[in-house]
Amino acid sequence: MAKTKMTREDALSFHIAPTPGKWEIQATVPMTTQRDLSLAYSPGVAIPCEEIAADSATAYDYTNKGNLVAVISNGTAVLGLGNLGALASKPVMEGKSVLFKRFADVNSIDLELDTEDPDAFCNAVKLMGPTFGGINLEDIKAPECFIIEQRLKEEMDIPVFHDDQHGTAVICAAGLINALHISGKKIEDVKIVLNGAGAAGIACLELLKAMGAKHDNCIMCDTKGVIYQGRTEGMNQWKSAHAANTDTRTLAEAMAGCDVFLGVSAKGAVTQDMVMSMAPNAVIFAMANPDPEITPEEAHEVRDDVIVATGRSDYPNQVNNVLGFPYLFRGALDIHARAINDEMKIACAQALADLAREDVPDEVAMAYGKKLSFGRDYIIPTPFDPRLIYRIPTAVAQAGMDTGVARRPIVDMEGYEASLKARMDPTANMLRNLNARARSNQSTVVFAEGDDPRVLRAAVTYQRSGFGTALVVGRADDVAEKLTAEGMADAIDELTIVNAANTHHLDTYKDFLYKRLQRKGLDMQDVHRLAARDRHVFAALMVAHGHADGMVTGATRKSAHVLELINRVFDAEPHDGAVGVTAILNKGKIVLMADTLVHEWPDENDLADIAERGAAVARELGLDPRVAFVSFSTFGYPVSERAEKMHVAPDILDQRGVDFEYEGEMNVDVALNPAVMAQYPFQRLTGPANVLVVPARHSASISVKLMQEMAGATVIGPILSGVGKPVQLCSTTSTVNDILNMAVIAACRIG
């Protein structure tokens, strides 16, 4: 799988647009009328204030405390960059906040405290305790991080969790449970060597000992060698607690015959000789970032039997903290926990380990481009496994209830699991799956409009994201000038520029085109103009001849005009089976609208064809299709000649015996709103529709644009389906991200 490339300009652009930073606050209640304002603030707000004053537990009912975590740092250990200070740590803390929201629907606010004094830090956090349901400490240097966390745990009655310590420890423990299972070893018997006596390393050993590892079987090393009983140099109370009774003095000596190596240290700390000296079926967790202590390739070069994990996403078995902290806090918040204890962390690790042993859902395998199954290269679930949100918090919550830290125990665990499933955001999962499939396919996509800066930026991003190869139709000097003007001069050499002047295939293209068009009023001169001068046609010819896997166009010309040009090369007329399907993503919901591109006024047979193509696209996007034929009438009322075809189209699908759910004709609210749908118990859909087939292209266009402009929906498409090749059209109002999304659709060969 191709590695991604990221420049400083890419990172800065991401953080500055569309607005500075990575999150914003939105009201969850109406704020439009005078009555709304009176309820939200004075005088109505006084009532919940009085309730909370009388019973503090009701703060979880009347405020957002129960789903609010503070991500707090003083910036003394920012990533691998060191002490950058509080302000410079803010981008990292904002990032952690949005990860909480993305993965576990936990609201989070980042707070950067400008002090290196542990007392001042603890006092500030403690005073803010009433605001939050939990505290996530981040990027605080050792040993102050130990002092701060311990004191806050003792003084606060909400969970305090230092992710740099315990997040790594939990995921490490999950992977080790499975690695030892595969190796046929028990944690109480194995010899463990840890290199890196910082916050994460100490937390890893403490958790493994809580799980049964023996003290003298665990050897901790730092830059001065083995931490042994009696050592005085470079010691502190936290290291001393893990000093072992051992004669070994160096990392190499400690690793001889050991079963497990845990590394949270530095690149290259482990040699191949050290690996060779380890016990049979050894386990190596080389977790240094960005480069591991030893790469999987280097380890496997000398040993076939080792199980290797790293902190990197481009290797199997990634030890990724995002598998832990969102779900630990989700479970803790939902029981109004007083703390996150060892039992909850162990429950999280065990649940992760159990999940990795189960059959992996098809959508995960599709996203990663390969079948994943429990074994040496899959001992930890992937961060985007959709089961994480409802499997891990339930285990954490149960452990919290069993150990007495829950203020409000969950009575109905099945109902709780169902509520967690409802928190999943299918739109994010869909886009992630598409991106992962694109990286796996490594498609060559031709961007037809190389004279548009948006298209050029999308092409650069496509290639830097590791999706595949971007070809741009244009002139080299013009492309260079426009990229330079966009501040992307460094990308000039990254793109491949294609045009009629530098291709060896122009004669082949013209012969092909002449055979298609000679009986449609075009002579050789017309064909030459199309093939050599029209970028849309030229790009389509490249795709038709296999010189590119897909294409993106339409950012500079109206879609109807571009579709007409595409028809010179491909059969994309209504009678050819071509259909335009637009994906609308809004507030965690996905609805496909069809036909938004090809059919002006479809009849009932066309509508049935559109439904089939829409269902096929839905499946390509990872959805289980439920098709609704929508109209202004519902099941025959009001009676209208214009609604008749929507009434008849489902009968045609009955005759065809299709393998997806469909129903109609119906109003949009019947199709999408379960409460309204329930008023028609005879209807056949098992849930809200996700494919809407509309009476005509104009109604589709109006609906999509209305959702985009009024509701702020994300729109992907129209996805051109039924052409036989990945040919995708943007709109003239497309942003860089819109164009990139269509390139990803083409790369996934959807359609």
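A polar contact here is a pair of N or O atoms within 3.5 Å, and within protein one of them must be able to donate a hydrogen and the other to accept it. Keep that definition in mind for the start of helix H24, and remember throughout that you are looking at a predicted model.

Let us begin, then, with H24, which covers residues 535-544. Asp534 caps the N-terminal end of this helix. A side-chain oxygen of Asp534 lies 2.9 Å from the backbone nitrogen of His536, so the pair falls within the 3.5 Å limit for a polar contact. H24 is mostly covered, with eight of its ten residues buried. The buried stretch takes in His536, Val537, Phe538, Ala539, Ala540, Leu541, Met542 and Val543. An α-helix has 3.6 residues a turn, so residues three or four places apart point the same way. After H24 comes Gly546, and its phi is positive, near 75°.

Glycine is one place to look for a positive phi, but what about residues of another kind? Asp139 is not a glycine, yet its phi is positive, at about 50°. You will find Asp139 in the loop that links strand E3 (134-137) to helix H7 (144-155). Asp139 has a relative accessible area of 4%, and it counts as buried because that value is under 20%. His336 is also not a glycine and has a positive phi of about 50°. Its loop runs between helix H14 (325-334) and helix H15 (342-357). With a relative accessible area of 10%, His336 is buried.

The backbone has two further points that are worth a visit, and both concern cis peptide bonds. One joins Ser42 and Pro43, with omega at about 5°. Pro43 sits in the loop between helix H2 (34-40) and helix H3 (46-54). Another cis bond leads from Ala594 to Asp595, where omega is near 0°. Asp595 belongs to the loop between strand E16 (589-594) and helix H26 (604-620).

Now turn to the sheets. Strands of a sheet pair through backbone hydrogen bonds, either parallel or antiparallel. Strand E3, which you met just before Asp139, is part of an open sheet of four strands in the order E2-E1-E3-E4, with parallel pairing. Strand E2 (107-112) and strand E4 (160-162) form its edges, each pairing on one side only. On average, neighbouring strands in this sheet are turned by 25° against each other, direction ignored. Three bridges link E3 and E4 in the parallel sense, and Leu137 stands opposite His162 in E4.

Which strands make up the five-stranded open sheet? Its order is E13-E12-E11-E14-E21, and the pairing is parallel. At the edges are strand E13 (496-498) and strand E21 (727-729), each of which pairs on one side only. The twist from one strand to the next averages 25°. Strand E12 (residues 468-473) runs parallel to E13, and three bridges join them. Val473 stands opposite Val498 in E13.

Finally, consider the spaces inside and at the surface of the protein. A search of the whole structure finds three cavities of 30 Å³ or more, and the largest of them has a volume of about 40 Å³. Its lining is made of Asn74, Thr76, Glu116, Asp117, Pro118, Phe121, Lys141, Glu144 and Ile148. Helix H6 (118-127) and H7 each supply at least two residues of that lining. Sorted by class, the lining has three nonpolar, two polar and four charged residues.

The second largest pocket has a volume of about 530 Å³. Which residues lie nearest its centre? They are Ser559, Ser701, Lys705, Pro718 and Ser731, out of a lining of 24 residues. Helix H25 (559-566), helix H30 (697-710), strand E20 (714-721) and helix H31 (736-747) each contribute at least two residues to the lining. H30 gives the largest share, five residues. By class, the pocket lining has eight nonpolar, eleven polar and five charged residues.

Key: Residues numbered from 1 in each chain as written. Predicted model: local features only at pLDDT ≥ 70, side-chain atom pairs only at ≥ 80, totals over all residues. Heavy atoms only, no water. Buried < 20%, exposed > 50% of the residue type's maximum accessible area, 1.4 Å probe, protein only. 1 Å grid on protein atoms, 1.4 Å probe; cavity = no way out; pocket = protein on both sides within 12 Å on 5 of 7 lines; lining within 4 Å. Points joined across faces, edges and corners; volume = space filled by probe spheres on them. Nonpolar A, V, L, I, M, F, W, Y, C, P; charged D, E, K, R; others polar. Pairing = 2+ DSSP bridges. Axes fitted to C-alpha atoms, helices over the stretch in contact; angles between N-to-C directions.
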